[in-house]
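Grab a pen and have the viewer open. Here are a few short exercises to work through at your own pace.

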Amino acid sequence: MNLSKIQETIDKLTADLRSELGENILSFHIFGSVMVDRDFHPGVSDINTFLIISDTAKPDLIVKISQIYSRYKKLPFAIPLIFKKSELQSALDVFPVEFIEMRDRNRIIFGEDLLKDIEISKENLRRQCEMEIRAKVLGLRKMLFAEKEILKHQDYLFKSLTSTIVLLKQIFRIKDLSIPETRDEIIDGLENIYSRSFGGIKNLYTMRAKTEKITKNIIEKLMEDYIENLEFFIKEFDEIS
C-alpha cells in the first residue's frame, strides 16, 4: 500500500490521539507490511501501529485509545501494540522479534524514536522464534485433527503465515546475512540458504495473496506441507548459533 493514500486518515488519527490524550502519548508509529507495497494485500493485510505511552498512564487510557481508533474503521487497522516507556528495555528479552521489527521497519508519525538505540540479543531472538514456531506446529496439528472443521480455519491459517515469515526472517539476522526486503524474497532467500524447497510456505503464501477459497483436500495438503516445513525450522532454530 502506498502510504500517501492513507496519509489524510493517519493525520486525523494522530491529531485525535494528541489532542485527547496529551502527554500520555509519547510516540506513534506505523510498521509492518504497509511499509512495503508488495507485501500489503488489500482485504487480507492489516495496518499495524504501535504507541509508546507514559509510565504514569492509567489502564483507562487503553479504552480511550480504542475509542479513538474506532472512528477510523474504513481502514484495516490491527489492534495497536501499546508499550509503556519503561517496558522498552525490560521486555526486550521476551519480545525481541516484535521490538526488532518495530525498530527496523517503522515510520514515526510523531514523537521521539525511542527504539533506535535498543540492542537485541541473538539468543533471545533464537529462543522466541523456536518457541513460537513450535506453538504454531502444535496448533496446526490440532487443526488437522479436527479435519471436518478445517475449512473454517482458512482465514486464520493465512493470517498466521504473516507472523511465520517474520519469525523465519530472523534467521538472516542471527546468521548476520543481508535481510531481504519482501516476503517473497525472504522465502526465496531461505531456499537458497538451505538448498531445498519450502513449498508448503510458498504455496500457502501464493494462495493467501489471491484470497481465494479452496477445497478441503487442497487445504489439508497445504497444511501438511506447511507443518513439514516448520518442523525443519524448529530443528534449525534449536541448533542455530
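Below are three exercises on this predicted model, each with a worked solution.

**Exercise 1.** Work out the order of the strands in the open sheet, and say which strands sit at its edges.

*Solution.* Start with the sheet as a whole: four strands make it up, and reading across gives β3-β2-β1-β4, with mixed pairing. Next, look for strands that pair on one side only: these are β3 (81–84) and β4 (106–111), the edge strands. Finally, check the twist: on average, neighbouring strands here are turned by 20° against each other, direction ignored.

**Exercise 2.** Describe how β1 and β2 pair, then find the helix that lies across β2.

*Solution.* Take β1 (residues 25–31) and β2 (residues 48–53): they pair in the antiparallel sense, over six bridges. One pair to click on is Phe31, whose bridge partner in β2 is Asn48. Now bring in the helix: α2 (residues 60–69) lies across β1, β2 and β3, and runs at about 145° to β2.

**Exercise 3.** Find the largest pocket and say what lines it.

*Solution.* First, the space: the largest pocket holds about 770 Å³. Then go to its centre. Of the 30 lining residues, Phe31, Asn48, Thr162, Ser163 and Val166 are the closest to that point. So you meet the bridge pair from Exercise 2 again: Phe31 and Asn48. Next, list the elements that give two or more residues to the lining: β2, β3, α4 (96–104), α5 (122–145) and α6 (154–174). The largest share comes from α6, with seven residues. Last, sort the lining by class: twelve residues are nonpolar, nine polar and nine charged.

Definitions and conventions: Residues numbered from 1 in each chain as written. Predicted model: local features only at pLDDT ≥ 70, side-chain atom pairs only at ≥ 80, totals over all residues. Heavy atoms only, no water. Pairing = 2+ DSSP bridges. Axes fitted to C-alpha atoms, helices over the stretch in contact; angles between N-to-C directions. Contact = heavy atoms within 4.5 Å. 1 Å grid on protein atoms, 1.4 Å probe; cavity = no way out; pocket = protein on both sides within 12 Å on 5 of 7 lines; lining within 4 Å. Points joined across faces, edges and corners; volume = space filled by probe spheres on them. Nonpolar A, V, L, I, M, F, W, Y, C, P; charged D, E, K, R; others polar.
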